[in-house]
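User: Please take a close look at one part of this model and describe how it sits within the whole. Start with the overall picture, and state the cut-offs as you go.

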Amino acid sequence: AEKLALGASPYPSTDRLFDDLMLAIIDAELGAEPGAEAPATAQAFEALRARVADGLVDRMFALASQVARILTAARNADRAIREGASLAHMAALADARAHLDQLIFDGFVSRTGLERLPRLEVYVRAIEHRVKRLPDTANRDRIWMSEVEQAVALFREAGGTLPLAPAVTDAVAGSDASATSERLVTARWLLEELRVSLFAQQLGTAGPVSVQRIRKALAP
C-alpha cells in the first residue's frame, strides 16, 4: 500500500521523491542548531555528511512511511472532491481542490519540512472531512470560507504566496532569515490551523487560532 501511495505522488518520478526526502533530512540537520549555516569548509561539510548519514536508512524508511500516509490522505481527499461534484457546492469544492494543490505538490516534503509534516497529514485529512460534510454544512461552509478568504487576503497583502515561495522557506531554514520571512512562515501555517478549526474541528488544532491572530502574526 505504501509503494502504491508513493508511486502516485505528484513528483515526476520515485527517484525525484526520494531525492526530496533526502533534502528534507539534510535541511533538518542544517537547522538542528540555532544559527547553523551551510558548510563553507571541507571539514564542516564532512561533519554535516556524518550527521546526515547517521541512521540514514532507518530515517528514510520512517519518512517514506510518513509521506505515504500523507499521500493516502490526499488520495482520499481527491476522491471525496470528485465524488462530491455538485453545482450547489461548486465554490466549496473548487476551494478544496485549490487547497489540496497548495499542500501536496512536487517538492512538498522538503518545502514543508520534517517538523511540520505530522500536521500536514491533519490538514489534508481536514479537506476530506470538510467535503464529506458539505451536504449538511453548506451554509456554514460559505461563512467559514469567507473567514478563510479574509485571512488569506491579509497573508497575500503581506507578500505571502500559497505554497510559500522557496526563497522564503529556504531563508527560514538557514541562518539568514529575515523577520518578514519568519512572519510569513508563521502565518502560512496558522492559515492551515484556521481551516482545521473551522472545517474539521474534531481533528483539533495545534493551538489557538483566529483571523486576528494571523493579522497579529503578520504585523511588523
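Analyst: For charge, Lys and Arg count as positive and Asp and Glu as negative, while His and the chain ends are not counted; each charge is placed at NZ of Lys, CZ of Arg, CG of Asp or CD of Glu. On that basis the protein chain carries 26 positive and 29 negative side chains, with the centres of the two sets 7 Å apart.

The model is predicted: local features need pLDDT of at least 70 and side-chain atom pairs pLDDT 80 or more, whereas totals for chains, interfaces and linings use all residues. Numbering starts from 1 along each chain as its sequence is written, and side-chain values use heavy atoms, without hydrogens or water.

The protein chain has ten helices and zero strands (DSSP runs numbered from the N terminus: H or I of at least four residues for helices, E of at least two for strands). Its radius of gyration, taken over C-alpha atoms, is 18 Å, which agrees with the value near 17 Å for a compact globule of 220 residues (2.2 Å times the number of residues to the power 0.38). The C-alpha atoms fill a box of roughly 60 × 45 × 25 Å along the principal axes. Of the 220 residues, 44% count as buried, that is, under 20% relative accessible area with a 1.4 Å probe and protein chains only (exposed is over 50%, partly exposed in between). Contact means heavy atoms within 4.5 Å; among contacts between residues at least 6 apart in sequence, 73% join residues at least 24 apart.

The part chosen here is helix α2, residues 14-30. Its 17 residues should span 24 Å at 1.5 Å a residue, and the end C-alpha atoms are 24 Å apart, so the two values agree; the expected span is 1.5 Å times one less than the number of residues. The buried residues of α2 are Leu17, Asp20, Leu21, Ala24, Ile25, Glu29 and Leu30. An α-helix has 3.6 residues a turn, so residues three or four places apart point the same way. The partners of the buried residues of α2 are α1 (2-7), α3 (42-53), α4 (56-83) and α6 (108-112).

A second site, for comparison, is glutamine 102 in helix α5 (residues 90-103). Glutamine 102 is buried, at a relative accessible area of 16%. Beyond its neighbours within four places in sequence, glutamine 102 contacts Leu162, Pro163 and Arg188. Leucine 162 and proline 163 are joined by a cis peptide bond, with omega about -5°. Proline 163 lies in the loop between α7 (117-157) and α8 (166-173).
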